[in-house]
Structures are given as C-alpha cells and as structure tokens.
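Reader: Please show me the structure. I should then like to ask about its strands and its core.

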Amino acid sequence: MNVVVFGATGTIGRPLVAELANEHEVTAVSRREQPEEHGVAWAQADATDADAVARALEGAEVAYYLVHSLGATDFEERDLQAAETTAQAAERVGVRQLVYLGGLGDDSPDLSPHLRSRRETAARLASSSVPLTTLRAAMVVGRGSAAFETIVSLVDRLPAMITPRWVSTRTQPVALNDVVAYLAGVCGLEAARGEELDAGGPEVMTYREMMERIARLRDKHPFIFEVPLLTPYLSALWLHVVTPVKAGVARPLIEGLRSETVARDERIRELVPIAPTSFDDAAREALAER
C-alpha cells in the first residue's frame, strides 16, 4: 500500500515512518530537505502549499497528518489552513483514507486554544469526501515529547515546586511505541475509516502523580506545593525559565491542562490488539534514551 506521512520528522512521525516502511511503500514529507533513507522516499512540501501537497500525495492510498504549528503566535490559523489544503488535495488525487492524531479532552465545553485547534483541525480534515480516522491521545510518554520532557525537566531541576491546580487534573498518558502501533494498525483498516478513536494508556493518573513517579525513577524527592492561583501566562514563563520548552509552546500546553484527558472508549484495543505499555515502563525507556 502507498502511504504518505506529513510531519515525518517529528517525535511521532519518525518512528511511525520506520514502522510503516516494514509493510508499505512510504513517502515521508518534511518542509525541509532530508537525507535519503533506505526503504523510504522523502518529499519536501509545506502543508499550506496546495501544489506541493498534491505532488507528495500523488498515487497515495493512505495519508497521515501529523502537522502542527504550536509555538507560532498564529498557530490556530496556520493549522486550519494546512488541514484544509491537505484535505482538498487528498480528495483531488484520490486518497482513500486520512489519519490524524488529535488530543483527548477536545470535547470539553471550555477548551484551551490548543485543544480547540486540535478539534477544529480534525473537522477541517474531515470536510472532504476522504474518510478520516482520528486517534485522540493525551500526553505521549517518549523522548522528544514536549509535555514529557517538560515534566522530566521540572523533576530534575527543582527540589521544590509551587504548582498551579492543574497538577491535580486527571490524564491518561500513553507510550510513544503504543501510539505508533495504533497509528500503523489503522492503516487501510476498513473498520477504522471515518472513526474517532481514543488511544489512552493503561493507567489514569494526575499530573502530580506522574511527576512523583518520574521522580522515583530518577531517585529524586521533590516537594510539590499546590496554589490556587497561577495564571497560564505565569505558568508558561515559569516553565520557560526552568525547562527547555519555550514559553510560546508551554503556554498553550499549560492552558490545555485544565481539561481532563481521559479515554471515553477502548475500541482501538479491539481494532489494534497490542499489550499496552505501563507508564513506568514507557518512562524508563524514554529516560534511557535521553
């Protein structure tokens, strides 16, 4: 099967390309030129460039959309434009399935700009006649994941933390390898076309519990004190100072943490049966790779 992956150089894109290449003819798409790779064809295209996107999709049966503009001041507008361009090009060249990785929690009535953008991007991708498969995930536990790297940095750098109330929000983190397996598993899968599927890990926990468990793995014992008022703006600046994450990326992520990100159903486990990776095992693997 001919498969195209947009956003192929990202945290999820690279391992997904490698996984798909085991069974399919894969074209990996990036905005910048990439070195040749055995078993993978590389194409250069910006997702807002209709002609370049159409060229990259020529002959494709399935296309993965892993593009986002988080960090840009106008990321919502850019993401909508890129999604619409991709959906229209996919329809024009005869793609049979689009696959998008969205976010859990995007059904909340009080959405942050980041989660709202994820939901609107999915809607724009679904606006053409090409069936869209949307996988919704919370924090991805893996090296390079902005949310995971932020938490590890907090644990490593601060013996004590004054944190906002979002640390008590429930979430359902999922291992990077599991997300890749789910995404690869729905490729060409008839039962997944036109479906929205939740890809949560096997455990539900708060962000505070996540920090404490990572701290144990790092043999650290930070003191965490919650305060009722710490605005997203101040939280983002705080993260910018003590972690590698830029404030422009941290703020939309922080704003989204007030919404619970817990799976509503487990159909993905029936469609793509894998043994879910525990949080501790996923974190250990990610930490070993850093």
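Author: Val 26 stands opposite Val 40 in S3. This is a predicted model, in which local features need pLDDT of at least 70 and side-chain atom pairs count only at pLDDT 80 or more, while totals for chains, interfaces and linings use all residues. Residues are numbered from 1 along each chain as its sequence is written, and side-chain values use heavy atoms, without hydrogens and water.

Reader: How many bridges join S2 to S3?

Author: Strands here are DSSP runs (E, at least two residues; helices are H or I, at least four), numbered from the N terminus. Two strands pair if DSSP finds at least two bridges between them. S2 and S3 run parallel, and the number of bridges joining them is 5.

Reader: Why is one side of S3 left without a neighbour in the sheet?

Author: The open sheet has 7 strands in the order S3-S2-S1-S4-S5-S6-S11, with parallel pairing. S3 stands at an edge, as does strand S11 (196-198), so one side of each lacks a neighbour: each has a single partner strand.

Reader: Which element gives the most to the largest nonpolar core?

Author: A nonpolar core is a set of buried Ala, Val, Leu, Ile, Met, Phe, Trp, Tyr and Cys residues joined through side-chain atoms within 4.5 Å, where buried means under 20% relative accessible area (1.4 Å probe, protein chains only). The largest one has 33 residues, and Val 5, Leu 20 and Tyr 64 have the most contacts inside it. Among the elements that each supply at least two residues are strand S1 (2-6), helix H1 (13-20) and helix H6 (176-185). With 6 residues, the element that gives the most is H6.

Technical notes: Buried < 20%, exposed > 50% of the residue type's maximum accessible area, 1.4 Å probe, protein only.
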